[in-house]
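The following exercises concern a predicted model. Each task is followed by a solution that proceeds step by step.

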Amino acid sequence: IASKSIFAISLGTLALGLVGCSGGNNEAANAPDNRTTTSVAKTSDPNAPHNRELADGPGVDASGNTIKIGVVGSLTGDQKDWGEDSIRGAKMAADDFNAAGGFQGKKIEVIVGDSGSKADQAKTAAEKLMSDGVIALVGEVASGHTIQMAKAAWPKSIPIVAIGSTRTDLTKEGGHVFRVCYTDDFQGPAMAQFAFQDLGLRNVGLVTDNKQPYSQGLSASFKTQFEKLGGKIVGESFYESGQTDFQGLITEMKAKNPDGLFMSGYFPEVGPMAQAIRQAGMKDVKLLGGDGWDSPKLLTSGGQAILGSYFCNHYNNRESRPEVGEFLTKWKALTNGEPQTTMAALGYDAMKLTLDALKRAGKANSKAIISALDNTENFKGVSGVITLKGQGGNPIKQALVVQVESRDKGFQVFAKAI
């Protein structure tokens with residue numbers, strides 16, 4: 001189908017690899033759910049924080065009549081879309097767990113902390129939740145936020161189950177950090193392969209948010225793979241979250257005559273930047289990005305300029321797996337609509353996995369939950385099957401490459417699976 005594309009990718013031929021999976025936002029995807037292990041490079045850096053170690057001590061035991069689990073998300077600020085979806089998803093999973101009987105006669109109490117779309121506030125929120133007695137933390141979406149949460153939680157051996165934080169070295173913050181999403185060492189190469197082989201791009205410019213660890217890591221992994229394939233990175237231009245004037249970097253990049261731009265930042269800046277790129281006369285340059293583009297607000301801020309662009313994502317509402325259908329039925333009953341972002345499903349998975357680990361641990365102790373999380377195998381989530389055992393906190397996941405279309409066409413549109 002000519003103008004609309006979605007590709008399911010797992011890294012089997014990126015030196016890592018490419019096989020077919022499924023996805024789509026206009027049509028049900030019925031292809032097999034094929035996945036391969038995400039390859040995460042080990043580090044020999046002696047300064048790398050903790051390197052999957054755990055702090056000494058017995059961990060934290062639950063106290064009181066409930067078992068408290070904390071969730072950190074952006075209820076305010078630019079990333080509010082992700083925060084609202086992820087927190088609602090997490091609460092829905094906790095409600096399901098409580099409806100099934102809870103744990104040893106106790107209900108789960110979800111306590112929410114607002115990161116305000118800022119890393120320092122995410123850390124403060126996590127510290128407050130730990131002082132309130134939580135024995136596990138779910139969140140965040142932005143990698144920079146989760147890194148700060150992980151630093152705060154490490155001394156107490158409180159597990160962190162990240163929702164959408166893809167920066168590859170996140171799990172090096174300690175053996176207490178896990179995630180339910182793929183890593184940037186996965187999606188960066190996937191997008192590089194798509195750009196080179198499917199779009200035929202050969203000269204790509206990088207546009208990086210120098211304030212976001214996520215964006216820095218994603219640009220770096222894209223660059224490595226694109227050059228390995230034989231492509232040329234013509235240059236890298238930088239901006240910072242909250243910036244509104246992009247004229248300088250666009251002028252700089254236009255002079256390098258790229259046939260594509262990989263814009264690794266978040267949706268609040270990507271939309272206006274796309275408009276400025278087209279207004280500068282770069283009409284035919286392909287625009288690509290990562291899962292940080294995942295919000296319908298991209299259409300509002302990007303207008304016609306963003307249509308036809310491509311980005312990587314984790315999950316799709318039109319997948320045919322029963323877990324997806326059950327999740328959407330529950331979501332619609334609560335909201336009378338479908339999730340606006342992928343973070344709803346990932347938030348649900350992160351909480352459900354945390355509570356599944358609590359059950360397998362057999363006791364409401366933070367360190368016991370960490371051990372159970374580390375031994376997770378074949379957990380059936382909405383976003384796919386999750387295995388953490390032997391993975392260093394990073395699950396085996398799939399990636400979807402989606403093309404941006406208008407809202408009435410589904411925003412993220414299915415046409416082809418590879």
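**Exercise 1. Classify the residues that line the largest cavity as nonpolar, polar or charged.**

Solution.
Step 1. List the lining: Trp-82, Val-141, Ser-143, Gly-164, Ser-165, Thr-166, Tyr-214, Tyr-266, Asp-291, Gly-292 and Met-343 surround the largest cavity.
Step 2. Assign the classes, with Trp and Tyr counted as nonpolar and Gly as polar.
Step 3. Count: the lining of the largest cavity comprises five nonpolar residues, five polar residues and one charged residue.
Step 4. Add the volume: the largest cavity holds about 40 Å³ of space. The structure has two cavities of 30 Å³ or more.

**Exercise 2. Describe the second largest cavity: which residues line it, and which helices supply at least two of them?**

Solution.
Step 1. Identify the lining, which consists of Val-207, Leu-249, Ile-250, Met-253, Leu-261, Met-273, Ile-277 and Met-282. The space in the second largest cavity is about 30 Å³.
Step 2. Locate the helices: α6 (247-254) and α7 (267-279) each provide at least two lining residues. The largest share, three residues, is that of α6.
Step 3. Classify the lining of the second largest cavity: eight residues are nonpolar, while no polar and no charged residues occur.

**Exercise 3. Place Val-207, one of the lining residues of the second largest cavity, in its strand surroundings.**

Solution.
Step 1. Consider strand β8, which spans residues 203-209. Six of the seven residues of β8 are buried, and the strand is mostly covered.
Step 2. Find the neighbouring strand: β8 and β9 (residues 232-239) run parallel and are joined by seven bridges.
Step 3. Find the partner: Val-207 is bridged to Ser-237 in β9.

**Exercise 4. Determine whether Met-351 is buried or exposed, and state which residues distant in sequence it contacts.**

Solution.
Step 1. Locate the residue: Met-351 belongs to helix α10, residues 343-361.
Step 2. Apply the cut-off: a residue is buried if its relative accessible area is under 20%. Met-351 has a relative accessible area of 0% and is therefore buried.
Step 3. List the contacts: with neighbours within four places in sequence left aside, Met-351 touches Ile-69, Val-71, Ala-90, Ala-93, Ala-94, Val-110 and Val-138.
Step 4. Compare sequence with space: 282 residues separate Met-351 from Ile-69 in sequence, yet their C-alpha atoms are 8.7 Å apart.

**Exercise 5. Reconstruct the five-stranded sheet: in what order do its strands lie, and which are the edge strands?**

Solution.
Step 1. Establish the order: the open sheet runs β4-β3-β5-β6-β7, with parallel pairing.
Step 2. Identify the edges: β4 (107-114) and β7 (177-179) each pair on one side only.
Step 3. Examine an inner pair: two bridges link β3 (residues 66-73) with β5 (residues 137-138). Within this pair, Val-71 has Val-138 of β5 as its bridge partner. Both Val-71 and Val-138 are among the contacts of Met-351.
Step 4. Add the helix: α1 (residues 80-99) packs on the sheet and touches β3 and β4. The direction of α1 makes about 170 degrees with that of β4.

**Exercise 6. Summarise the chain as a whole: how many helices and strands does it have, and what percentage of its residues is buried?**

Solution.
Step 1. Count the elements: the protein chain contains eleven helices and 16 strands.
Step 2. State the burial: of the 418 residues in the chain, 58% are buried.
Step 3. Characterise the contacts: among those with a separation of 6 or more, 71% join residues 24 or more positions apart.

Key:
Residues numbered from 1 in each chain as written. Predicted model: local features only at pLDDT ≥ 70, side-chain atom pairs only at ≥ 80, totals over all residues. Heavy atoms only, no water. 1 Å grid on protein atoms, 1.4 Å probe; cavity = no way out; pocket = protein on both sides within 12 Å on 5 of 7 lines; lining within 4 Å. Points joined across faces, edges and corners; volume = space filled by probe spheres on them. Helix = DSSP H or I, 4+ residues; strand = E, 2+ residues; numbered from the N terminus. Buried < 20%, exposed > 50% of the residue type's maximum accessible area, 1.4 Å probe, protein only. Contact = heavy atoms within 4.5 Å. Pairing = 2+ DSSP bridges. Axes fitted to C-alpha atoms, helices over the stretch in contact; angles between N-to-C directions.
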